[in-house]
Amino acid sequence: MPPFEDTAARLRACRLCRDSPLYGPPLPQEPRPIIQGSTGARLGVASQAPGTRAHRTGMPFMDPSGVRLRSWLGLDEAQFYNPEKIAIVPMGSCFPGLDAKGGDKPPRRECAERWREELFTGLPNLDLILVIGSYAQAWHLGKLEGGLTGTVRRWRAILDEPRRPRVLPLPHPSWRNNGWLKREPWFEAELLPVLRDEVARVLAV
């Protein structure tokens with residue numbers, strides 16, 4: 001399989017969901033695939049899809065969700081946006097557009113089907129993948145028992161499974177999940193300290 005950089009370059013020129021959509025209407029705006037990484041990356045961030053600000057800037061998580069995520073990880077912007085260390089691979093690489101309520105639509109299914117396996121095959125040095133949200137968790141972990149909450153609650157068992165790279169499930173850092181975070185205080189009390197330790201260890205290599 002080709003190295004990550006070659007696959008990412010071809011992905012950035014992809015227009016499948018705009019010109020030849022397989023699921024529903026075409027992407028409502030010009031594609032702007034947003035992805036980060038290199039063959040040597042040690043930490044993977046498996047996210048959902050770029051939002052409106054990421055679409056405008058061309059930078060993943062360049063919004064309040066990114067501020068919260070970097071706080072969770074204990075990283076500053078320079079560390080987070082270092083492609084030699086961190087690969088950011090969303091389920092859908094382009095902003096999917098807004099639904100009738102003003103929220104982001106789900107990631108385009110075409111993107112993961114066409115590109116995801118090849119992208120991760122090109123990341124042989126990953127030690128840990130953070131799977132953010134139910135779409136990424138379903139792809140990386142299979143059927144979710146108990147939905148997102150049940151999956152994140154089992155984070156210790158999932159992290160300890162004998163797989164390589166290891167996987168750690170997280171909720172999306174969006175403000176829309178403020179209520180979830182208040183209802184699940186164990187997340188900040190128990191999971192986040194381990195998350196920061198794991199991220200520091202992986203990136204120190």
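**Close-up views of a predicted model**

**Figure 1. Surroundings of helix α7.** The cover over the buried residues of α7 includes β1, α6 (109-121), β3, α8 (147-153) and β4 (166-170). This model is predicted. Within α7, which spans residues 133-141, the buried positions are Gly-133, Ala-136, Gln-137 and His-140. They occupy an arc of only 100° around the axis and therefore lie on the same side of α7. After the helix comes Gly-142, with a positive phi near 85°.

**Figure 2. The chain as a whole, for orientation.** The chain contains 11 helices and four strands. Its radius of gyration is 16 Å, close to the 17 Å given by the globule rule for 205 residues, so the chain is as compact as a globular protein of that length. Along the principal axes, the C-alpha atoms fill a box of roughly 45 × 40 × 35 Å. Of the 205 residues, 50% are buried. Among contacts with a separation of 6 or more, 71% are between residues 24 or more positions apart. The exposed area of the chain is about 9,900 Å², and carbon and sulfur atoms supply 52% of that area. The chain carries 29 positive and 23 negative charges, and the mean positions of the two sets are 4 Å apart.

**Figure 3. Buried and exposed sides of helix α4.** Helix α4 covers residues 64-73, and its buried residues are Ser-65, Gly-66, Leu-69, Arg-70, Trp-72 and Leu-73. Because these residues cover an arc of only 155° around the axis, they are on the same side of α4. Pro-64 and Val-67 are exposed on the other side of α4. The elements against which the buried residues of α4 pack are β1 (43-46), α5 (77-80), β3 (128-132), α10 (178-183) and α11 (186-203).

**Figure 4. Leu-130 in strand β3.** Leu-130 belongs to strand β3. Its relative accessible area is 0%, so Leu-130 is buried. Leaving out residues up to four places away in sequence, Leu-130 touches Leu-43, Gly-44, Val-45, Ala-46, Leu-73, Leu-168, Leu-170, Leu-195 and Val-199. Leu-73 is also one of the buried residues of α4. Between the C-alpha atoms of Leu-130 and Pro-83 the distance is 15 Å, with their positions 47 residues apart in sequence counted as separation.

**Figure 5. Phe-61 and its backbone.** Phe-61 sits in the loop between α3 (52-57) and α4. Its phi is near 55°, which is positive although the residue is not glycine. Most residues other than glycine have a negative phi. With a relative accessibility of 10%, Phe-61 is under the 20% limit and therefore counts as buried.

**Figure 6. The cis peptide bond before Pro-165.** Arg-164 and Pro-165 are joined by a cis peptide bond, with omega about 0°. Most peptide bonds are trans. Pro-165 is placed in the loop between α9 (155-160) and β4.

**Figure 7. Ile-34 in the loop between α2 and β1.** The loop between α2 and β1 contains Ile-34. Ile-34 counts as buried because its relative accessibility is 3%. Apart from residues up to four places away in sequence, the contacts of Ile-34 are Pro-50, Ala-54, His-55, Gly-58, Met-59, Pro-60, Pro-90 and Ser-93. Ile-34 and Trp-72 are 38 residues apart along the chain, and their C-alpha atoms are separated by 22 Å.

**Figure 8. Thr-39 in the loop between α2 and β1.** Thr-39 is found in the loop between α2 and β1. Its relative accessibility of 24% makes Thr-39 partly exposed. Thr-39 touches Pro-3, Phe-4, Glu-5, Gly-122, Leu-123, Pro-124 and Asn-125, when residues up to four places away in sequence are not counted. Leu-148 is 109 residues from Thr-39 in sequence, and the C-alpha to C-alpha distance between them is 30 Å.

**Figure 9. Leu-22 and Glu-110.** Leu-22 lies in the loop between α2 (16-19) and β1. At 54% relative accessibility, Leu-22 is over the 50% limit and so counts as exposed. Leu-22 and Glu-110 are 88 residues apart in sequence, yet their C-alpha atoms are 6.5 Å apart in space.

Definitions and conventions:
Residues numbered from 1 in each chain as written. Predicted model: local features only at pLDDT ≥ 70, side-chain atom pairs only at ≥ 80, totals over all residues. Heavy atoms only, no water. Helix = DSSP H or I, 4+ residues; strand = E, 2+ residues; numbered from the N terminus. Rg over C-alpha atoms; globule rule 2.2 N^0.38 Å. Buried < 20%, exposed > 50% of the residue type's maximum accessible area, 1.4 Å probe, protein only. Contact = heavy atoms within 4.5 Å. Areas by Shrake-Rupley, 256 points an atom, 1.4 Å probe, with all protein chains shown as cover. Lys, Arg positive; Asp, Glu negative; His and termini not counted. Charge placed at Lys NZ, Arg CZ, Asp CG, Glu CD. Arc of directions from axis to C-beta.
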